[in-house]
Amino acid sequence: MNDVSPIHKDLDFDPEALRQKYQAERDKRLRPEGNDQYVEVKGKFAHYLDDPYVKREERAPLTDQVDVAIIGAGFGGLLAGARLREAGVKDIRVIEAGGDFGGTWYWNRYPGAQCDIESYCYLPLVEELGYMPKEKYSFAPEIYEHSQRIAKHYNLYENAAFQTRVTGMTWDDKTALWTITTDRGDAMKARFVISCTGPLNRPKLPSIPGIDTFKGHTFHTSRWDYEYTGGNHQGGLTKLRDKRVAIIGTGATAIQSVPFLGEYAKQLYVFQRTPSSVDLRGNKPTDVDWFKTLKPGWQRERRLNFNNMVTGQPVEEDMVQDGWTEIFRTLAAGFALGAGEKFSMEDGALGAEIADFKKMNQVRRRVDDTVKNPEAAEKLKPWYRQMCKRPTFNDDFLPTFNRPNVELVDTSEGKGVERITEKGLIANGVEYEVDCIIFATGFEVGTSWWRRQGYDPVGKGGVKLSEHWGEGMKTLHGFFSHNFPNYFLMGMSQNGGSVNLTHVLDDQAQHITWLIGEVEKRQKRYLEPTAEAEHEWVEELRKLAVMNTSFLEACTPGYYNAEGKIGQGGGMGFPQTYTPGAGAFNALLAKWRENTDMPGLTLG
Ligand code: NDP
């Protein structure tokens, strides 16, 4: 492509200058430690995992047997339970570390917590339950309540084991049963086990020197301490009126909670390493009249439409029309313009890059238009391609920096907080004395799967999953591994993804329900993939991943690209997902189900 191509016409910026700026901002943030810059939350840090919401209840160990054990009571577990119940499965046990259903919405109760995927697409089973979401974007209390509504509707509280962490599971070939052990001394048995533990379930802390020397109060955003701050999900943090508070991190969580901290804290310091892209939220109450017009099947149709929009598939109409669909509409239009009549992937990619520059210029202009202090505004501008980091949408974050009690501490050269002392934090050589430090530093992503689960299944012949996956995850369709019969994974593994995770989870729950039904129908005891089928699937993913990996490689570090080390594997599992996305993946599975031989599976 050259300068006279339509995509370069009438540009009010220099693409090459932006490319260089992005590269420079990325390079200065690269850290040789990659993922190892974070501290595992254990030992002296273990208290950061304590449940501040529900008191522990004692119970006798369980040694009984169920048909299906579901590990995790978030939307994955709820959807698995719901779809199995619909198929007539009665004997189900949900096992969960928290004190209730909800998963990420059980733990994440920080003020302002909200789902930035449209509620009509995100909240599962609203049609089945006849529930009308209150707003276009639901706040956490509504989502948490909805998860309990699902559990009640499908009778999933019955037999559930809360406040219980799985510590191990072992397959017995003779009985074709799994024995699941837990931190409650349980040794329960199950024919089928479905793991739905979520992609972001273990809070992480930065390994800032002196982190354990601070004498004030600290907590992680996923265990919000309302006893200390006062108030609840909706705000009212009145106990902070006389407190100097520091929040570390400016990811999606901080973007939502900072406005509340700014409103109540005597003094708030926001420690930023990399700015987020913060776009318009524009939330609004559900139009009841519109909702009444929706026809049966509407949620599925809307979810598919959203998914097609965000994976660049052709659609007749953008039903959701929000920040997410705008990002992908813009990129797809840029790609089409670049590729032109004489289609070329390379020109298309350049077209998408220019469209991305334009979009991010708009995001940066929004900062200038909102933040009155020009120095702070400059520092709040993100310099990377939009999908390098999780885009955020919020109307209150940027204006918070116009408050006199709020200060942005942009850590010099993207290096982060230098040190934590007894009294506060040091950044850019300056000590900030505070009463409380809040870690909005996210969750483990690139660490090993069994570390994040807290258990390492032992399959046929005593082989451990960690050994089987020694050189990386190996599954068929992301659902199961050779030598681990009747053990299903849900969530982001080697399957088709979507930014609307509940959509993916529902499709997965339905596929697993179908598979379990087939084992029963064929009067077999178990199913597992063959080693060959597993190998072929992994190879297929590898071939498809090349373009995605090179995009992420050039990105500023973050959990999407294994903190800048994506080329060496890791990251949000991106090189390991089925990059054509959830729609294509489902089509592939539908076709696979048509073959009654269930290719790639052994049934015994
Ligand atoms: P993130 O991992 O996105 O953010 C962590 C933040 O901590 C980053 O800003 C990071 O900076 C910063 N940080 C880490 N170490 C240091 C350090 N040493 N000094 C200073 N800053 C540091 O975590 P979140 O909890 O914000 O979000 C996690 C994910 O949860 C989101 O990406 C999203 O997928 C999900 N989420 C979804 C929501 C929704 O609406 N659906 C809402 C909230 C979260 P840097 O960027 O430089 O690494």
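**Close-up views of two loop asparagines and the ligand site**

**View 1. Asn428, a partly exposed loop residue.** At a relative accessibility of 33%, Asn428 counts as partly exposed, because that class runs between 20% and 50%. The model shown here, as in every view below, is predicted. Look for Asn428 in the loop that joins strand E15 (424-427) to strand E16 (430-433). Its phi is positive, about 55 degrees, although Asn428 is not a glycine. Most residues other than glycine have a negative phi.

**View 2. Asn483, another non-glycine residue with a positive phi.** Here phi is about 80 degrees. Asn483 sits in the loop between helix H16 (465-468) and strand E18 (487-489). With 22% relative accessibility, Asn483 also falls in the partly exposed class.

**View 3. The ligand between two domains.** Domain 1 (38-60 + 207-276 + 397-442) and domain 2 (65-202 + 446-530 + 576-603) each contribute residues to the shell around the ligand, so the ligand lies between them. Among secondary structure elements, helix H8 (residues 252-264) gives the largest share of this shell, with three residues. Sorted by class, the shell holds 12 nonpolar, 10 polar and four charged residues.

**View 4. Contacts at the ligand.** There are 26 residues around the ligand, and Asp116, Thr253, Thr274, Lys389 and Tyr559 come nearest. A polar side-chain atom of Thr274 is 2.5 Å from a ligand oxygen atom, while a side-chain N or O atom of Lys389 is 2.7 Å from an oxygen atom of the ligand. Ala440 takes part through its backbone, with an N or O atom 3.4 Å from a ligand oxygen atom. Of the 910 Å² of accessible area that the ligand has on its own, the protein covers 90%.

Methods:
Residues are numbered from 1 along each chain as its sequence is written. This is a predicted model: local features need pLDDT of at least 70, side-chain atom pairs count only at pLDDT 80 or more; totals for chains, interfaces and linings use all residues. Side-chain values use heavy atoms; hydrogens and water are left out. A residue is near a molecule or strand if one of its heavy atoms lies within 4 Å of it. A polar contact is a pair of N or O atoms within 3.5 Å; within protein, one must be able to donate a hydrogen and the other to accept it, and residues adjacent in sequence count only if both atoms are side-chain atoms. Accessible areas come from the Shrake-Rupley method with a 1.4 Å probe; for residues, only the protein chains shown count as cover. Helices (H or I, at least four residues) and strands (E, at least two) are DSSP runs, numbered from the N terminus. Ala, Val, Leu, Ile, Met, Phe, Trp, Tyr, Cys and Pro count as nonpolar, Asp, Glu, Lys and Arg as charged, and the others, Gly among them, as polar. Domain bounds come from an automatic or database domain assignment. Buried means under 20% relative accessible area, exposed over 50%, partly exposed in between (1.4 Å probe, protein chains only).
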